[in-house]
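Colleague: I am new to this structure and would be glad of a guided tour. Could you take a close look at one chain with me, and then say how the other one fits in?

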Amino acid sequence: MTKEHKTGAEIIWKCLEREGVKHVFGYPGGAILPAYDALQHSSIHHVLVRHEQGATHMADGYARASGGVGVAIATSGPGATNMVTGIATAMMDSSPIVCITGQVGSKLIGSDAFQETDITGITLPITKHNYLVTHANEVARTIREAFYIAKSGRPGPVLIDVTKDAQQSSCEFDWDTAAPQLPGYRPDLSPTPDEYEQAMELIHQAKRPVILAGHGILVSGAGGELLEFAEKAQIPVALTLLGLGAFPASHQLNLGMMGMHGEAWVNTMIQEADLLIALGMRFDDRVTGNIKTYARNAKKIHVEIDPAEINKNVRVDVALVGDLRAVLQELLGELEPCQHREWLDYLKKLKGDSAVRDIQNLPDSGHLYAAHVINDLWRTTEGKALVVTDVGQHQMWEAQYYHHENPRSLITSGGLGTMGFALPAAIGAKVARPDAEVWVVVGDGGFQMTMGELATMVQEKLKVNIAIINNGYLGMVRQWQEFFYDRNYESTPLLNPDFVKLAEAFGIRSTAVKQRAQVVPAIQAGRQHDGPMLIDFQVEQEDSVYPMVAAGADLHQMIRRPGVLVETAADE
Amino acid sequence: MLNTFVVYVEDKPGVLTRVASLFRRRAFNIDSLTVGRTEKPGVSRMTIVVDTDETGARRLEAHLYKLINVLLVENVTAEAAVYRELAMIRVKATAAQRSHIMDLVEVFRAKVVDVSPDSMVIEITGTDDKIDGLLHVLEGYGVLEMVRTGRVAMRRGGKAANGASAGADSAEAAPTPGTISYSV
């Protein structure tokens, strides 16, 4: 292999190219300028963002849409600290991103130099791993290790802080000799035959089993195995928010989303189950409700790649630590076909009780509900759009009324619940999958947190449609105030800008929708327009997300819908 | 209950912070932590004592393994192991008291490492209990200053924590991953 003499800055781009990177999302500045100067010799396309938080969300959206690694780049100091929210978001949702930050010269570290900050110290608990690189000859190995760590095992963000002198100085560059050296890193655990046997016994004995499928299905690419397993064992599948799309929504064994805003039948089935098979999910408090009363009569099998998740929130009977797809394949080999007719008949009954009428068939009362908008978006896009949501009421309505058939068709911030995530994440997703029909579903509050990225979208000529679910409130907080704080709407009403004019200022076509009859035409117009379109859906202001399990309440103690108006349909 | 972990880590900048930060982040309180070089260049060994239950100890072990720079983790709490700690105690001692104190030092197999007109420094090596015992009897004289290293641990018998044995070339024995079982 020929050796080449290169600067640290050049090596950064060479290594990114070798890792298969086509796009990076970034913002230049003093300490990262040598790297930007060397970009001219690279085939990599740089997307100029408007705020470094946007760069990290874009890298995150890129990773989640593609299944690859997203890359964000920023300068030292404020550039690096602006990335913190995006890194924490990626950490909580196990999203593989690599963040490269410039750092002041190695001689200046510790001197409180201009734009110096201890970003490796700051991001220590919110990265899977991070590096401070002070020599050009450490760049190649560090980048190779960072990509390997980010995407293997339980994926996560890795940050590389590169000093200015490490970018400027040069050394021999040899890709092959810079192979990762990670003697302490073991992403490849697998269960023992004993553990498989125990799991199979529980599965074959179960009368009322439920599968809980999470993000791990998507990460591991185990959707096919899950489908086969559920059908052969005749076990209904409940999904976490991040798991939506892991199992086809139209499938008769699909229960839908579990947890705080899961439908009543989903949570009831979980509470009454005699076996829970948790696949790539982590029993988050939004999923379990009160842990003491959670599925009390159920044995629990936990298939999970991260050993630290075992028995963290819920004590399990059998833990299978390993790659979900490999474990499911192994289980499938031993699985006898099962029938649970009584249990599935019970599900039909629960669904029938709960789903009174389809929102689509309700008479037009003159009110525009967010559920109408989302349901119409689902019908109009035939359920085939890649939807990116923000955080709050609209996110839960999307999860309830947009029925996802395919993996990686929903991108949302689950664990950290980061408002402002949707628009930049959608930009990253569109860059990763230019042929996908990408829709942002976002609240009026969250949209204003990162709306500067509209300029990025326009500059990159990306066609992303934006549906603002505008209720003039920080809606989910308002809902909590309504339910738990005596309707004291402190600091939740929003005085919004004219979103139509705002979009036009960015050169984006836009329209406002106030009536139900206008919803489908507006969505159609957005689909047909060859550029991005922003639709300001001005919906009912004090509508709430139902059902709801109050924080810390028992999972079966749901606040049910007050009337029949916005009952969702059974998926028959 | 007190759990004692032996942790092999790569000898790199910031590794101690990563380990300490993990305990803070997951809300475990470190009772003592010692770190030093090992028989293998580039590998450091920590002995960490932490007060937690069995579930907590399992979670800690799993979390420690998640740190990229951690090579090997062993909870030696339930194993037969030798525990040692070193302490230096400066105790008030007039000329008249000196010989009494030296008798106590003899009983505890400690030693006097410095004497001044009104005080002396005692060095003691042993288990936590033994050091606590000496401290207790010295309190009557007036303890002016004390420093303790924290616990270090080594398994008894032929098996080393890093998998090396006397039969193998121990200098070459790199820490190898232990068998991790997550059955419950």
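What pLDDT does chain A average, and how many of its residues score at least 70?

Modeller: Happy to walk you through it. Please keep in mind that this is a predicted model. Chain A averages a pLDDT of 95, with 96% of the residues scoring at least 70. There is one stretch to treat with care: over residues 565–572 of chain A, pLDDT stays under 50, and the model has 23 contacts beyond four places in sequence for those residues. For the model as a whole, the scores are ipTM 0.88 and pTM 0.94.

Let us begin with the overall build of chain A. This chain holds 23 helices and 22 strands. Along the principal axes, its C-alpha atoms fill a box of roughly 70 × 65 × 40 Å. A compact globule of 572 residues would have a radius of gyration near 25 Å, and chain A has 24 Å, so the two agree. Of the 572 residues in chain A, 55% count as buried. Long-range contacts matter for the picture too: among the contacts in chain A with a separation of 6 or more, 77% are between residues 24 or more positions apart.

Now to the start of the chain, where helix α1 of chain A spans residues 8–18. This helix is mostly covered, with nine of its 11 residues buried. The buried residues of α1(A) include G8(A), A9(A), E10(A), I11(A) and I12(A). W13(A), K14(A), C15(A) and L16(A) are also buried there. Just after α1(A) comes G20(A), which takes a positive phi of about 90 degrees.

Next, look for the sheets. One open sheet of chain A is made of six strands in the order β3-β2-β4-β5-β7-β6, and the pairing is parallel. Its edges are β3 (45–48) and β6 (129–133) of chain A; each has a single partner strand, so one side of each is left without a neighbour in the sheet. From one strand to the next, the twist averages 20 degrees. You can zoom in on one of those edges: β6(A) runs parallel to strand β7 (residues 158–163) of chain A, and five bridges join them. Within that pairing, H129(A) has V158(A) in β7(A) as its bridge partner.

Another open sheet in chain A also has six strands, ordered β11-β10-β9-β12-β13-β14, with parallel pairing. Here β11 (254–257) and β14 (318–321) of chain A are the edge strands, each pairing on one side only. On average, neighbouring strands of this sheet are turned by 15 degrees against each other, direction ignored. Inside the sheet, strand β9 (residues 209–213) and strand β10 (residues 237–239) of chain A pair in the parallel sense over three bridges. One place to see this is A213(A), whose bridge partner in β10(A) is L239(A).

Further along the chain, helix α20 of chain A covers residues 454–459 and contains Q459(A). That residue has 15 C-beta neighbours inside 10 Å, so Q459(A) counts as partly exposed. Q459(A) and F506(A) are 47 residues apart in sequence, while their C-alpha atoms are 9.7 Å apart in space.

That brings us to the other chain. The contact between the two takes 20 residues from chain A and 21 residues from chain B. On the side of chain A that touches chain B, the residues divide into 12 nonpolar, three polar and five charged.

Chain B has four helices and nine strands, and from the N terminus on its elements run β-α-β-β-α-β-β-α-β-β-α-β-β. Of its 184 residues, 29% count as buried. Residues 24 or more positions apart account for 70% of the chain B contacts with a separation of 6 or more. A good landmark is strand β4 (residues 70–75) of chain B: five of its six residues are buried, so this strand is largely enclosed by the rest of the structure. Strand β1 (residues 2–10) of chain B pairs with β4(B) in the antiparallel sense over five bridges. In that pairing, V7(B) stands opposite V73(B).

As for confidence, the mean pLDDT of chain B is 88, and 86% of its residues reach 70 or more. Over residues 168–184 of chain B, pLDDT stays under 50, and the model has 30 contacts beyond four places in sequence for that stretch.

Technical notes: Residues are numbered from 1 along each chain as its sequence is written. Chains are lettered from A and ligands numbered from 1 in the order in which they are written. This is a predicted model: local features need pLDDT of at least 70, side-chain atom pairs count only at pLDDT 80 or more; totals for chains, interfaces and linings use all residues. Two residues are in contact if their C-beta atoms, placed from the backbone, lie within 7 Å. Ala, Val, Leu, Ile, Met, Phe, Trp, Tyr, Cys and Pro count as nonpolar, Asp, Glu, Lys and Arg as charged, and the others, Gly among them, as polar. A residue is buried if 20 or more other C-beta atoms lie within 10 Å of its own, exposed if 12 or fewer, and partly exposed in between; C-beta atoms are placed from the backbone. Helices (H or I, at least four residues) and strands (E, at least two) are DSSP runs, numbered from the N terminus. Two strands pair if DSSP finds at least two bridges between them. Axes are lines fitted to C-alpha atoms, for helices over the stretch in contact, and angles run from 0 to 180 degrees between N-to-C directions. pLDDT is the predictor's confidence in each residue, from 0 to 100. The radius of gyration is taken over C-alpha atoms; the globule rule is 2.2 Å times the number of residues to the power 0.38.
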